[in-house]
Amino acid sequence: MLSEAWRYLLATTISFLMSPLLSLFLREVVGVSIKMAVAIALAFVFVANFFIIRLFVFRKTGSPSMQFTRFAATSAVFRI
């Protein structure tokens with residue numbers, strides 16, 4: 001079984017690759033503007049990253065609402 005550190009590395013690599021690939025898909029296949037494609041991809045990856053890390057890396061169960069609120073608040077603080 002993978003250790004928590006390896007699972008974290010794998011999960012963050014998936015998130016890192018997901019953003020440009022989703023942006024590219026939205027732009028080239030769906031046909032949305034580049035700004036909209038990037039915005040949608042970033043929002044999707046933000047939420048997906050939370051759930052990937054929560055379920056795959058730390059293997060948390062239960063209601064994610066409070067955890068997501070803390071995750072979003074912490075992320076917002078780092079963006080200011």
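Of the contacts in the chain with a separation of 6 or more, 48% are between residues 24 or more positions apart. The model behind this value is predicted. The report below describes the chain as a whole, then its middle helix, its aromatic rings, its largest pocket and one loop residue.

## The chain as a whole

The chain has 3 helices and 0 strands, and from the N terminus on its elements run α-α-α. Along the principal axes, the C-alpha trace spans about 40 × 30 × 25 Å. Of the 80 residues in the chain, 21% are buried. The accessible surface comes to about 5900 Å², and carbon and sulfur atoms account for 74% of that surface.

## Helix H2 and its partners

Which helices do the buried residues of H2 pack against? They pack against H1 and H3. The buried residues of H2 are Ala-37, Ala-41, Val-45, Ala-48, Asn-49, Phe-50, Ile-53, Arg-54 and Val-57. One general point about helices helps in reading this list. An α-helix has 3.6 residues a turn, so residues three or four places apart point the same way.

Contacts with Ser-15 show one part of this packing. Ser-15 is found in helix H1, which covers residues 4–30. Is Ser-15 buried or exposed? Ser-15 counts as buried because its relative accessibility is 7%, and the cut-off for buried is under 20%. Not counting residues up to four places away in sequence, Ser-15 touches Val-45, Asn-49 and Ile-52. Val-45 and Asn-49 are among the buried residues of H2.

Phe-44 lies in helix H2, which covers residues 34–57. The C-alpha atoms of Phe-44 and Ser-15 are 9.9 Å apart, while the two residues are 29 residues apart along the chain. Phe-44 has a relative accessible area of 45% and is therefore partly exposed. Leaving aside its neighbours within four places in sequence, Phe-44 is in contact with Met-18 and Leu-22.

## Aromatic rings

A pair of aromatic rings is described by the distance of the centres and the angle of the planes. How many aromatic pairs does the structure hold? The structure holds 6 aromatic pairs. Two of them are set out in the table.

| Pair | Centre to centre | Angle between planes | Arrangement |
|---|---|---|---|
| Phe-46 and Phe-68 | 5.9 Å | 75 degrees | edge-to-face |
| Phe-50 and Phe-51 | 4.9 Å | 80 degrees | edge-to-face |

The pair of Phe-46 and Phe-68 links distant parts of the chain: Phe-46 is in helix H2, Phe-68 is in helix H3 (residues 65–79), and they are 22 residues apart. Phe-46 counts as partly exposed because its relative accessibility is 25%. Phe-68, at 26% relative accessibility, also counts as partly exposed.

In the pair of Phe-50 and Phe-51, Phe-50 counts as buried, at 6% relative accessibility, whereas Phe-51 counts as partly exposed, at 33%. Ring pairs link Phe-46, Phe-50, Phe-51, Phe-68 and Phe-71 into a cluster.

## The largest pocket

The largest pocket holds about 210 Å³ of space. Its lining is made up of Leu-42, Val-45, Phe-46, Asn-49, Phe-71, Thr-74, Ser-75, Phe-78 and Arg-79. Which helices each supply at least two residues of this lining? These helices are H2 and H3. The largest share, 5 residues, comes from H3. By type, the lining residues divide into 5 nonpolar, 3 polar and 1 charged.

Some of these lining residues have already been named. Phe-46 and Phe-71 line the pocket and also belong to the ring cluster. Val-45 and Asn-49 line the pocket and are touched by Ser-15 of H1.

## The residue after H2

H2 is followed by Arg-59, which has a positive phi. Where is Arg-59 placed? Arg-59 lies in the loop between H2 and H3. The phi of Arg-59 is about 55 degrees, although Arg-59 is not a glycine. With a relative accessible area of 42%, Arg-59 is partly exposed, because partly exposed covers the range between under 20% for buried and over 50% for exposed.

Notes:
Residues numbered from 1 in each chain as written. Predicted model: local features only at pLDDT ≥ 70, side-chain atom pairs only at ≥ 80, totals over all residues. Heavy atoms only, no water. Helix = DSSP H or I, 4+ residues; strand = E, 2+ residues; numbered from the N terminus. Buried < 20%, exposed > 50% of the residue type's maximum accessible area, 1.4 Å probe, protein only. Contact = heavy atoms within 4.5 Å. Areas by Shrake-Rupley, 256 points an atom, 1.4 Å probe, with all protein chains shown as cover. Phe/Tyr/Trp six-rings, centres within 6.5 Å; stacked < 30°, edge-to-face > 60°. 1 Å grid on protein atoms, 1.4 Å probe; cavity = no way out; pocket = protein on both sides within 12 Å on 5 of 7 lines; lining within 4 Å. Points joined across faces, edges and corners; volume = space filled by probe spheres on them. Nonpolar A, V, L, I, M, F, W, Y, C, P; charged D, E, K, R; others polar.
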